[in-house]
Amino acid sequence: MNIFKYVLAMTVAIAMSCGNTVQAQTKNDSNMKTVVVYFTHSGNTELAAKQVAEVTGARMIRLLPEQPYSSEDVDWVNEQSRCTQEHLNQSLRPAIKPIDIDFAKVDTVFVGFPIWWHEEPAVIRTFLDNYSEQLKGKVIFPFCTSYESPMSEADATLKKGYPALKIRKGIRLPAKSEEIKKWIFQ
Ligand SMILES: Cc1cc2nc3c(=O)[nH]c(=O)nc-3n(C[C@H](O)[C@H](O)[C@H](O)COP(=O)(O)O)c2cc1C
């Protein structure tokens with residue numbers, strides 16, 4: 001191939017690959033009406049939610065408990081602490097502040113949380129219960145942050161607790177944006 005043909009071929013290849021990228025981006029933006037709903041106590045899950053929002057272009061909405069968790073509340077060593085009690089009594093649903101989502105305009109909901117006691121915190125169950133009607137038919141992608149616990153444990157508790165919801169396999173974050181894309185678009 002002479003130099004002219006080589007330059008022409010490279011130009012076409014670059015133009016085609018740019019076109020694909022733009023097309024994929026546009027497709028995601030227009031087809032995926034997404035929102036990232038998350039609960040965080042010490043900030044890690046908010047950073048993870050930002051990662052998901054960057055990849056999807058979704059709006060972030062933080063879940064806030066009506067009664068914030070104090071440091072005593074999250075003392076998992078203490079059997080009487082609020083978090084331990086909410087783990088031991090799985091029917092507890094700490095009240096959360098209302099959130100501003102028009103579910104009619106959303107088809108995909110990312111739900112982020114820190115792992116507490118190897119599972120989703122009770123605040124997440126409050127969200128899923130309070131909005132169960134609106135969430136029906138939506139695709140739900142859970143994600144977590146943790147010291148070491150894998151997402152698979154929360155995947156199992158969510159699946160067991162919410163069989164009527166379309167909950168996809170979750171991911172533990174942080175992760176590279178390529179991994180996040182693979183998780184979502186696989
Ligand atoms: C009450 C409580 C229970 C926790 N339980 C676990 C656990 O079972 N496994 C684990 O790996 N990390 C556990 N962690 C650590 C958190 O999942 C981790 O620090 C997380 O990234 C915190 O997220 P946040 O900063 O968004 O609140 C626990 C933390 C708290 C406060």
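Which residues come nearest to the ligand? I looked there before anything else. Of the 19 residues around the ligand, the nearest are Ser-42, Asn-44, Thr-45, Pro-114 and Thr-145. I then sorted that shell by type: ten residues are polar, eight are nonpolar and one is charged.

A note to self on trust: this is a predicted model. I checked the confidence, and the chain's pLDDT averages 87, with 83% of the residues scoring at least 70. Over residues 1-31, though, the pLDDT is below 50. That stretch has three contacts in the model, leaving out near neighbours in sequence.

Next I went through the secondary structure. I found seven helices and six strands in the chain. Reading from the N terminus, I wrote the order down as α-β-α-β-α-β-α-α-β-α-β-β-α.

Then I turned to packing. The chain has 186 residues, and 26% of them count as buried. I also looked at contacts between residues at least 6 apart in sequence: 76% of these join residues at least 24 apart.

Last entry: Lys-97. Where does Lys-97 sit? I found it in the loop between helix 3 (82-88) and strand 3 (108-114). Is Lys-97 buried or exposed? Lys-97 is exposed, because just 9 other C-beta atoms lie within 10 Å, and the cut-off for exposed is 12 or fewer. Setting aside neighbours within four places in sequence, I noted that Lys-97 is in contact with Leu-64 and Glu-66. I checked Arg-62 too: Lys-97 and Arg-62 are 35 residues apart in sequence, and their C-alpha atoms are 9.7 Å apart in space.

Key
Residues are numbered from 1 along each chain as its sequence is written. This is a predicted model: local features need pLDDT of at least 70, side-chain atom pairs count only at pLDDT 80 or more; totals for chains, interfaces and linings use all residues. pLDDT is the predictor's confidence in each residue, from 0 to 100. Two residues are in contact if their C-beta atoms, placed from the backbone, lie within 7 Å. A residue is near a molecule or strand if its C-beta atom, placed from the backbone, lies within 6 Å of it. Ala, Val, Leu, Ile, Met, Phe, Trp, Tyr, Cys and Pro count as nonpolar, Asp, Glu, Lys and Arg as charged, and the others, Gly among them, as polar. Helices (H or I, at least four residues) and strands (E, at least two) are DSSP runs, numbered from the N terminus. A residue is buried if 20 or more other C-beta atoms lie within 10 Å of its own, exposed if 12 or fewer, and partly exposed in between; C-beta atoms are placed from the backbone.
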